[in-house]
Amino acid sequence: MSITEISRLDAQARAILKENDRGGYTVPTKGLYPFQWNWDSALVALGYAAFDTGRAWREIETLLEGQWGNGMVPHIIFWRDDAGYFPGPGEWDTRRSPPTSGITQPPVVATVMRRLFARSGPPDPGRLDAMLKAIDRWHQWFADARDPNGTGLVAIVHPWESGRDNLPDWDHPMSYVDISKVGTYQRRDTQHIDAGQRPAKTDYDRYMALVQFGRSHGWDDKKLADHSPFWVADVGTNAILRRAEHDLAWLAERAGETAIAERARLRGANLARGFDGLWSEKLGGYVSMDLRRGRLAEALTAGSWLALYAGEGDPARIARMAGLLEQWLEPVGFGLPSFDPGHPLFDPILYWRGPVWAIINRLVADGLTRAGLTKLAERIRADTEALIRKAGFYEYFNPVTAEGGGGDSFSWTAAMWLDWASPTADKIGGLEV
Ligand code: GLC
């Protein structure tokens with residue numbers, strides 16, 4: 001790629017972030033996602049860090065401003081009205097100010113903060129302390145509300161909490177969700193994006209049934225833990241939380257918050273023990289588990305390799321996962337597909353059932369680097385660079401044809417370019433520096 005092309009893409013990525021900046025928070029993309037999303041904001045902060053560290057910290061602060069009294073940081077904050085989105089504040093009915101959804105998303109924030117801190121030092125100390133306290137409360141909420149029996153695995157109560165909305169992992173647990181009382185509603189996503197690329201109607205009915213369930217129980221943690229029809233240990237969320245505890249401890253240590261560091265280490269150790277239960281000897285990787293039925297998912301997903309990002313230490317398992325990753329990459333032109341390309345349910349354009357996502361690539365590549373698999377990490381980065389160069393800053397990409405899918409001018413894709421995929425990015429090692 002020529003220097004001019006690289007600087008054109010670097011400039012375009014910065015322009016996308018600025019265009020999607022709503023003053024302190026960034027929308028994932030115009031139209032389709034007009035509010036602040038949880039893990040989008042965290043990852044977008046990495047993009048800002050490439051040219052404006054102050055703005056990067058601010059993105060995290062606005063996200064934490066949506067935190068609930070019980071510690072949960074919600075998956076959407078509805079800072080402004082927008083009739084073009086469904087389900088909006090009225091459907092969630094969480095009675096908060098600002099209005100929010102009633103569920104969370106993968107807690108990648110502490111890991112992002114560690115990178116901001118390592119690259120350019122803390123924001124002023126009062127601000128860092130406040131952020132660390134908020135994150136400690138959020139992680140503690142995961143432990144208390146989503147693992148009330150202390151098993152070391154945290155549950156999600158809605159596929160949307162995984163951030164990988166229509167993954168085949170959810171098909172079986174979701175088949176138990178009763179949709180007979182859902183009623184009629186008007187989706188908005190299919191007004192922005194071709195319906196063939198979005199979740200199917202029955203999937204959407206089940207998503208809405210779970211929103212209605214939470215709402216009718218006042219989003220009460222205990223009621224959700226006891227009765228939620230969907231109670232699943234997502235391999236992605238568990239890996240991301242486990243890593244986040246490690247990074248929270250690191251940050252808290254440096255900020256002199258030793259009590260927070262100690263709590264994070266204890267929770268992290270418990271999560272490491274629980275994570276072992278997600279290992280599938282049959283598949284040779286870690287997968288999600290339906291906790292209501294004690295049933296492991298039947299295929300690997302891109303999230304399986306987040307085990308390395310979480311800190312997998314078993315050499316035999318690492319070798320097996322590395323071998324499988326190479327097998328996955330063979331039939332597709334561009335890695336990493338979100339779902340097993342050899343599986344009958346693989347679909348290269350259907351959202352989380354096949355397409356490549358730059359953010360997952362970023363986290364998986366970090367894990368590969370940590371495990372010493374630098375060649376594979378570089379392959380994933382180079383593929384991400386090639387996809388963005390060929391298609392543009394799309395929400396996700398077809399791993400076979402390199403076409404872009406979903407929303408265009410997508411914030412987190414632009415951020416991953418600036419932070420990591422661009423040849424000009426400061427990508428010394430993994431996310432830890
Ligand atoms: C979709 C994705 C989710 C993301 C959101 C906003 O719902 O599945 O991960 O946070 O869009 O980009």
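## Cavities in the predicted model

The second largest cavity is lined by D165, N166, L167, W170, D171, M174, D203, R206, Y207 and R353. Two elements, α8 (171-174) and α10, each give two or more residues to this lining. The largest share comes from α10, which contributes three residues. By residue class, the lining of the second largest cavity comprises four nonpolar residues, one polar residue and five charged residues. Its volume is about 60 Å³.

The model described here is predicted. It contains three cavities of 30 Å³ or more. In the largest of them, the enclosed space amounts to about 340 Å³. The lining of the largest cavity is made up of 30 residues, and those closest to its centre are Y33, W37, Y85, D165 and Y351. D165 is thus named for the largest cavity and also belongs to the lining of the second largest cavity.

At least two lining residues of the largest cavity come from each of α2 (38-49), α9 (189-192) and α10 (201-216). The helix α10 therefore recurs, as it supplies residues to the largest cavity and to the second largest cavity under the helix numbering from the N terminus.

The composition of the two linings is set out below.

| Cavity | Volume | Nonpolar residues | Polar residues | Charged residues |
|---|---|---|---|---|
| Largest cavity | about 340 Å³ | 19 nonpolar | five polar | six charged |
| Second largest cavity | about 60 Å³ | four nonpolar | one polar | five charged |

Definitions and conventions. Residues numbered from 1 in each chain as written. Predicted model: local features only at pLDDT ≥ 70, side-chain atom pairs only at ≥ 80, totals over all residues. Heavy atoms only, no water. 1 Å grid on protein atoms, 1.4 Å probe; cavity = no way out; pocket = protein on both sides within 12 Å on 5 of 7 lines; lining within 4 Å. Points joined across faces, edges and corners; volume = space filled by probe spheres on them. Helix = DSSP H or I, 4+ residues; strand = E, 2+ residues; numbered from the N terminus. Nonpolar A, V, L, I, M, F, W, Y, C, P; charged D, E, K, R; others polar.
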